[in-house]
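This report walks through one protein chain and the way its parts pack together. Please keep the sequence and the structure at hand while reading.

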Amino acid sequence: MALRRFLVSLGIELGPVLLFFIGSVFFGFVVGVGMLMIATGISVGYSLFRDKRIPLFSLITSLFVLAFDTAALITHNPFWIVLEYQLYYGCFGVLLIGSYFLHKPGLKLFFATFFNITDRGWCILSFRWGYFF
């Protein structure tokens, strides 16, 4: 049962990206972006159905995907996808480093249900991840 849940979670997280690459390679950029957007919507919907909630991290990521990929579809320009990830990771890094200086561990907000770490540990981890991004 745990293996099945892990594989479903892995499919939810990686499925949209894999479909984007497959669609882009075999059918072109526009089809790949469309497949990514549809798969992202299905993943979020399934998470809502399964868990009766959408995890905050998934919600934020999905909003970035839908906003920037819509722009990429309209303009047929992959620049929007590059910009999407630059802004996403840049904002994430700034928020994590800011949370460190405010002594509010930012990563704890997203991952507290997965890991049992002290607040000091969360702060250190948040700073290091923020610096990485």
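## Helix 2 against helix 3

In this predicted model, helix 2 and helix 3 pack with an angle of about 155° between them, and their axes lie 10 Å apart. Because angles over 145 degrees count as roughly antiparallel, helix 2 is roughly antiparallel to helix 3. The crossing in which helix 2 passes helix 3 is left-handed.

On the side of helix 2, the residues that meet helix 3 are Phe29, Val30, Val33, Gly34, Leu36, Met37, Thr40 and Val44, and their counterparts in helix 3 are Ser62, Val65, Leu66, Asp69, Thr70, Ala72 and Leu73. Sorted by character, the residues of this contact between helix 2 and helix 3 comprise 10 nonpolar, 4 polar and 1 charged. Leu66, which belongs to helix 3, is partly exposed, with a relative accessible area of 35%. Although Leu66 and Thr40 are 26 residues apart along the chain, their C-alpha atoms are separated by 8.2 Å.

## Helix 1 against helix 2

Helix 1, made of residues 2–27, and helix 2, made of residues 29–51, pack at an angle of about 165°, and their axes are 6 Å apart. Helix 1 and helix 2 are therefore roughly antiparallel to each other, and helix 1 passes helix 2 in a right-handed crossing. The residues that form the contact of helix 1 with helix 2 divide into 14 nonpolar, 7 polar and 3 charged.

Ser43 of helix 2 is buried, since its relative accessible area of 12% falls under the 20% cut-off. Leaving aside residues up to four places away in sequence, Ser43 touches Ile12 and Pro16.

## Helix 2 along its length

Helix 2 has 23 residues, and the distance from its first C-alpha to its last is 32 Å, close to the 33 Å expected at 1.5 Å a residue. Which residues of helix 2 are buried? They are Gly32, Val33, Gly34, Leu36, Met37, Ala39, Thr40, Ser43, Val44 and Ser47. These buried residues of helix 2 pack against helix 1, against helix 3 (56–75) and against helix 4 (79–101).

An α-helix has 3.6 residues a turn, so residues three or four places apart point the same way. Readers may wish to keep that rule in mind when tracing the buried positions named above, among them Met37, Thr40 and Val44 in helix 2.

## Helix 4 and its neighbours

At 1.5 Å a residue, the 23 residues of helix 4 should span 33 Å, and this agrees with the 33 Å between its end C-alpha atoms. The buried residues of helix 4 are Ile81, Glu84, Tyr88, Phe92, Gly93, Leu96 and Ser99, a list that includes the glutamate Glu84. The helices against which the buried residues of helix 4 pack are helix 1, helix 2, helix 3, helix 5 (106–111) and helix 6 (119–132).

## Residues with positive phi

Most residues other than glycine have a negative phi. Against that background, three positions that follow or link helices deserve a look in the model.

Lys52 follows helix 2 and is found in the loop between helix 2 and helix 3; its phi is near 65°, a positive value in a residue other than glycine. At 65% relative accessibility, Lys52 counts as exposed. His76, placed in the loop between helix 3 and helix 4, likewise is not a glycine, yet has a positive phi of about 55°. With a relative accessible area of 52%, His76 is exposed. His103, just after helix 4, takes a positive phi of about 60°.

## The chain as a whole

The protein chain contains 6 helices and 0 strands, and from the N terminus on its elements run α-α-α-α-α-α. Taken along the principal axes, the box filled by the C-alpha atoms of the chain is roughly 50 × 40 × 20 Å.

Of the 133 residues of the chain, 28% count as buried. Among the contacts in the chain with a separation of 6 or more, 50% are between residues 24 or more positions apart.

Technical notes:
Residues are numbered from 1 along each chain as its sequence is written. This is a predicted model: local features need pLDDT of at least 70, side-chain atom pairs count only at pLDDT 80 or more; totals for chains, interfaces and linings use all residues. Side-chain values use heavy atoms; hydrogens and water are left out. Axes are lines fitted to C-alpha atoms, for helices over the stretch in contact, and angles run from 0 to 180 degrees between N-to-C directions. Helices (H or I, at least four residues) and strands (E, at least two) are DSSP runs, numbered from the N terminus. Angles under 35 degrees count as roughly parallel, over 145 as roughly antiparallel, 65 to 115 as roughly perpendicular and the rest as oblique. A crossing is left-handed if the near helix is turned anticlockwise from the far one by less than a right angle, and right-handed if clockwise. Ala, Val, Leu, Ile, Met, Phe, Trp, Tyr, Cys and Pro count as nonpolar, Asp, Glu, Lys and Arg as charged, and the others, Gly among them, as polar. The expected span of a helix is 1.5 Å times one less than its number of residues. Buried means under 20% relative accessible area, exposed over 50%, partly exposed in between (1.4 Å probe, protein chains only). Contact means heavy atoms within 4.5 Å.
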